[in-house]
Amino acid sequence: MAFEISGFDRLNRRIDRLEGDFKAEIMNQMEQAVDELAEEVKSNMPEDTGRAKASIFTEVSESEEGIVGEVISSHETLFDEDFYVAYLEFGTEDIEPMEMFEDTLGDAKDLLGGKMVKAMRRALR
């Protein structure tokens, strides 16, 4: 007795397409999530010159670990004389820490979980 199963080429093409759709949806949802998180960080910042808020930007990239979303301040080093956002976040001798990024991290897990579920649902349509 012999039998034949066919259609694997078509199945493989559908799986490849699904993988691409899923990755695109994950990137899209990650971009939305980090944008929302950046806005939350900015909302926790003081209303003075706007310098701190203007330094916040987002970046989404793909690496060996997967898709990575970041909320970043453009003030990059502790030796930068304009490291204002770090002074606000961590405090100084004269300034209490504001913990704008740390406060936002608590919301990130729930937000990202919801966004990833949304991405999966969209990719599977």
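Q: What makes Lys 23 and Glu 62 a salt bridge?
A: Their side chains meet at 3.0 Å, N to O. A salt bridge is a side-chain nitrogen of Lys or Arg within 4 Å of a carboxyl oxygen of Asp or Glu, so this pair makes the cut. The pair ties together distant parts of the chain, with Lys 23 in helix H1 and Glu 62 in strand E1 (residues 56-63), 39 residues apart. A quick caveat: this is a predicted model, where local features need pLDDT of at least 70, side-chain atom pairs count only at pLDDT 80 or more, and totals for chains, interfaces and linings use all residues. Side-chain values use heavy atoms, leaving out hydrogens and water, and residues are numbered from 1 along each chain as its sequence is written.

Q: Why is Glu 62 called partly exposed?
A: Its relative accessible area is 49%. Buried means under 20%, exposed over 50%, and partly exposed in between (1.4 Å probe, protein chains only), so Glu 62 takes the middle label. Lys 23, at 35%, is partly exposed too.

Q: Why is Leu 124 called exposed?
A: Leu 124 has a relative accessible area of 62%, so it gets the exposed label. Its place is in the segment after H4.

Q: How do you know that Glu 39 forms a salt bridge with Lys 42?
A: The closest N and O atoms of Glu 39 and Lys 42 are 3.8 Å apart, so they pass the cut-off. Both residues lie in helix H1, three residues apart, about one turn of the helix.

Q: What does Lys 53 contact, leaving aside its neighbours within four places in sequence?
A: Lys 42, Met 45, Pro 46 and Glu 47 (contact means heavy atoms within 4.5 Å).

Technical notes. Helices (H or I, at least four residues) and strands (E, at least two) are DSSP runs, numbered from the N terminus.
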